[in-house]
Amino acid sequence: MGTINVSKKYTVKERAYLPAILIGMKITMKRFIQGFLFGKHDTILYPEKKRDYSDRFRGMHFISVDKNKTENCTACYLCETICPAECIHIEADERDEDNNPYGVKKEKKPVSFDIDALRCCFCGFCEEACPKDAIKLSTNYELAVSSRDQAIYDLDHLKRDMNGRSEKK
Amino acid sequence: MENTLIFDLSMMMAKILVILAGTLGVVPIMVWFERRGAAWMQRRVGPNRVGPFGLLQPLADVVKFIFKETFIPKNANRFYYLMAPIIALIAPLCALAVIPFGSKAIINGHEVILQVAQMDTGVIFILAFAGLEVYPVILAGWASRNKYSVLGALRGSSQIVSYEISMGLALLSMLVVYGSFNPHEMVSWQQGTLGFLPRWGAFVNPVGALIFWIAIFAETNRLPFDLAEGESEIVAGYHLEYGGMKFAAFFMAEYVAMIMASGLLATLFFGGYGILPGMSTLIQAIGSHFAFGEVGFQNLKAAFEFISFATKVAFFMFMFVWIRWTLPRFRFDQLMDLGWKILFPISLINLVVVTLGVYYFNS
């Protein structure tokens, strides 16, 4: 290592400082006119207009459902096991054997499926682990809540009828 | 006799009202423009929620300031603590009284000189009150008994003092040219043309104008010389312990000082209330269209003089905002270097050169 000296000799024009100021002022004036006369801005007016993220963005989870609005989750505990933040809590139960239209495909069901969004690190491991494509991450990033209890989402809240990840479709 | 007294008094009140209402009315507009202009220069939108184009944002701020708790720190020196914002606001307002905003209007057969206080020592008076601007900085910093405030006050006052010297020398070089302390005589000296340029002080003495211009940025604590404030180093600066209306007073004082400095710069170097080039034909056209007499012409001229003065002040106010959002701030040693090693010698040499020039042209 050792110190790298990046200083250089300044020319007279650079040392006079004023030409550089004028160049800077030209730039800000250009921006000012663009903003003032043409209303140009690079920011978005957030609550009215939302930033579009790609479908690969990992936001809040949801649990996909089939055409009967029954969740695809079979309470296999794979997501709970792989979760590095330990934010998923599942309680499993058997479906009623006599009255099960899915047969062997959905023998188990989650009685409760809670995700603590405050613990979650949005790594997406649960989504990768899931054999049924039941738990997925949506592109929803507006997760502000006013108390800690509200950040624990249950099964009813998580169930969504969506094809892909974003709500656009 | 009675009537003239009442007339004079009412005219005086009217002039004071014009200056006071004008200045304090410009402050909220400037606050809005500062924020909106900053946004435009940085490709943002800026405050646009309160009222049309966010124009009522300053009003919302004022309401917030008024309803805040009046808080005085336990160990603060109450008297000086409360004195500081008052001085900060009053000193530049007093200095504004001497800056003329027009030659004279004729009302009811009386000549009314458009300046609140007619003084032969006008510029000295302005300098005295501009010099008072150091006191609120020191008082506020010291009286609130906070280490950060004291640091901000020290930085601010040393900056103001070191720039006041070059400012005074630049002003002195103009006094040599004008040969008078009276702002009216300065403005009348600047009438006429220098070739194709107006005979403004800035074209007679460009170096002095530039130094004065730079110095008023430091005097009013504006960027790039806002060393009295520093969020990252000293939390806020000399007004750290102030809140509510007391902070609002400091905030307003900054803008009043900017208006005062702009007016002073316009009067000394940019023709003051002298009408802008091309306006005289406009006055002739309007006057002859409505068939004005001599009185009407004079009043029309006074109105246009006021418009010219306001335009110049508005331009310099815009420059304050423009420069603020263009330049990064100086480091403290760079600031002192610029003040003492560059501006001070240049202004001294400039004073000598201008004095020799005036001697040469007059003899």
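**Exercise 1. Place the pairing of strands E3 and E5 of chain A in its sheet.**

Solution. Strand E3 (residues 108-116) of chain A and E5(A) pair in the antiparallel sense over 2 bridges. The model analysed here is predicted.

Step 1. Take one residue pair: the bridge partner of Ile115(A) in E5(A) is Tyr153(A).

Step 2. Extend to the whole sheet. It is an open sheet of 3 strands in chain A, in the order E2-E3-E5, with antiparallel pairing.

Step 3. Identify the edges. Strand E2 (88-94) and strand E5 (152-153) of chain A are the edge strands, since each pairs on one side only.

**Exercise 2. Work out the surroundings of strand E1 of chain A: which strands pair with E1(A), and in which sense?**

Solution.

Step 1. Start with E4. Strand E4 (residues 135-137) of chain A runs antiparallel to E1(A), and 3 bridges join the two. Within E4(A), Leu137(A) is the bridge partner of His61(A), and Lys136(A) is that of Phe62(A).

Step 2. Go on to E6. Strand E6 (residues 159-160) of chain A runs parallel to E1(A), with 2 bridges between them. Here Ser64(A) has Arg160(A) as its bridge partner.

Step 3. Assemble the sheet. The 3 strands form an open sheet of chain A in the order E4-E1-E6, and the pairing is mixed. E4 and E6 of chain A are at the edges with a single partner strand each, so one side of each has no neighbour in the sheet.

Step 4. Assign the side chains. In a regular strand, side chains alternate between the two faces of the sheet. In strand E1 (residues 61-64) of chain A, His61(A) and Ile63(A) point one way, while Phe62(A) and Ser64(A) point the other way. Are these residues buried or exposed? All are buried.

**Exercise 3. Examine two residues with an unusual sign of phi, one in each chain.**

Solution.

Step 1. State the expectation. Most residues other than glycine have a negative phi.

Step 2. Take Asp133(A). Its phi is positive, about 55°, although Asp133(A) is not a glycine. Asp133(A) sits in the loop between helix H4 (125-129) and E4 of chain A. Why does Asp133(A) count as exposed? There are 10 C-beta neighbours inside 10 Å of Asp133(A), and the limit for an exposed residue is 12 or fewer.

Step 3. Take Phe53(B). Phe53(B), likewise a residue other than glycine, has a positive phi near 55°. Phe53(B) belongs to the loop between helix H1 (2-41) and helix H2 (57-66) of chain B. Phe53(B) counts as exposed because it has 12 C-beta neighbours inside 10 Å.

**Exercise 4. Describe the packing of helices H12 and H13 of chain B.**

Solution.

Step 1. Give the geometry. Helix H12 (residues 279-289) and helix H13 (residues 294-324) of chain B pack at an angle of about 145°, and their axes are 10 Å apart. The crossing of H12(B) and H13(B) is right-handed.

Step 2. List the residues. From H12(B), Met279(B), Ile283(B), Ile286(B) and Gly287(B) take part; they meet Gly296(B), Phe297(B), Leu300(B), Lys301(B), Phe304(B) and Ser308(B) of H13(B).

Step 3. Sort them. The contact of H12(B) with H13(B) comprises 6 nonpolar, 3 polar and 1 charged residues.

**Exercise 5. Test the overall form of each chain against the globule rule, then describe the contact of the two chains.**

Solution.

Step 1. Treat chain A. Chain A has 5 helices and 6 strands, in the sequence pattern α-α-β-α-β-β-α-β-β-α-β. Its radius of gyration is 27 Å, whereas a compact globule of 169 residues would have one near 15 Å. Along the principal axes, the C-alpha atoms of chain A fill a box of roughly 90 × 50 × 30 Å. Buried residues are 17% of the 169 residues in chain A.

Step 2. Treat chain B. Chain B has 14 helices and 4 strands. The radius of gyration of chain B is 22 Å and the globule rule gives 21 Å for 363 residues, so chain B is as compact as a globular protein of that length. The C-alpha trace of chain B spans about 65 × 50 × 50 Å along its principal axes, and 42% of the 363 residues in chain B are buried.

Step 3. Treat the contact. Chain A contributes 13 residues and chain B 11 residues. On the side of chain A that touches chain B, 5 residues are nonpolar, 5 polar and 3 charged.

How values were computed: Residues are numbered from 1 along each chain as its sequence is written. Chains are lettered from A and ligands numbered from 1 in the order in which they are written. This is a predicted model: local features need pLDDT of at least 70, side-chain atom pairs count only at pLDDT 80 or more; totals for chains, interfaces and linings use all residues. A residue is buried if 20 or more other C-beta atoms lie within 10 Å of its own, exposed if 12 or fewer, and partly exposed in between; C-beta atoms are placed from the backbone. Two strands pair if DSSP finds at least two bridges between them. Two residues are in contact if their C-beta atoms, placed from the backbone, lie within 7 Å. Ala, Val, Leu, Ile, Met, Phe, Trp, Tyr, Cys and Pro count as nonpolar, Asp, Glu, Lys and Arg as charged, and the others, Gly among them, as polar. The radius of gyration is taken over C-alpha atoms; the globule rule is 2.2 Å times the number of residues to the power 0.38. Axes are lines fitted to C-alpha atoms, for helices over the stretch in contact, and angles run from 0 to 180 degrees between N-to-C directions. A crossing is left-handed if the near helix is turned anticlockwise from the far one by less than a right angle, and right-handed if clockwise.
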